Amino acid sequence: TVVGVGRNVQFFVTVGTQQSNGSHAVTSYAKPKVKDVAAVGAVNIRKLQTIGGQNLSVTGTNFGPLGVVMDNADGLKYGNGTLGGTASNCSVVVAHTEMSCKTSVGVGSNLTFVATVGGHQGDYSSDYVHVAYHPPIVTGMTPNSGSSLGGTRVTVTGTYFGDAPAK
């Protein structure tokens, strides 16, 4: 085979100046596998900014040749079944073994990774390869008292609440 990525890859045979139709038989390259994730710069991967945009270095196997840029179907997703995100601006920076990405807007903890390259999705990373967004910090609340019957509307202020309005 030639250097590449993907699944269900057809073969074409050229003899002289004639090329065959695509083969009925197909093959697949090995699935991509995330082995480790590290932050670039002064970023704590256990307290990512909920607004996203932080740089990640992702190491593993079968990411494809240097310069492969992930489109909407390919790339890096992370989650825990309920929360998570899809990294943006992913591209291979070391052939087959390292990609760089930016975090997305999000919330949650114990978020494991799965890479998709050439339409071929790998398996989720092991539990020890995970990230977390910064937990919320409450800095204020008004009013600071209310009826024991409930029903008092309270406004909570703080940081790291994610991108959606709190309710």
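In this predicted model, strands β9 and β10 pair in the antiparallel sense through 4 bridges. Val94 has Glu98 of β10 as its bridge partner. The hairpin that these two strands make has 3 residues between them, and there His96 takes a positive phi near 70°.

On its other pairing, β10 is joined to β6 by 5 bridges, again antiparallel; here Leu56 stands opposite Cys101. Strand β6, residues 55–61, is in turn linked to β5 by 6 bridges, and these two run antiparallel. Asp36 faces Thr59 of β6 in this pairing.

Taken together, the 4 strands make an open antiparallel sheet in the order β5-β6-β10-β9. Because β5 (33–39) and β9 (88–94) each have a single partner strand, they stand at the edges, and one side of each lacks a neighbour in the sheet. From one strand to the next the twist averages 25°.

In a regular strand, side chains alternate between the two faces of the sheet. Strand β10 shows this alternation: Met99 and Cys101 point to one face and are buried, whereas Glu98, Ser100 and Lys102 point to the other and are not.

Met99 also belongs to the largest nonpolar core, which has 22 residues; Val34, Val37, Val58, Leu76, Met99, Phe113 and Val131 touch the most other members. Two or more residues each come from β5, β6, β7 (75–79), β9, β10 (98–102) and β11 (111–117), with β11 giving the largest share, 4 residues. Beyond its neighbours within four places in sequence, Val37 is in contact with Ile45, Leu56, Ser57, Val58, Phe113, Val129 and Val131.

Terms used. Residues numbered from 1 in each chain as written. Predicted model: local features only at pLDDT ≥ 70, side-chain atom pairs only at ≥ 80, totals over all residues. Heavy atoms only, no water. Pairing = 2+ DSSP bridges. Axes fitted to C-alpha atoms, helices over the stretch in contact; angles between N-to-C directions. Core = buried A, V, L, I, M, F, W, Y, C linked by side-chain atoms within 4.5 Å. Buried < 20%, exposed > 50% of the residue type's maximum accessible area, 1.4 Å probe, protein only. Contact = heavy atoms within 4.5 Å.
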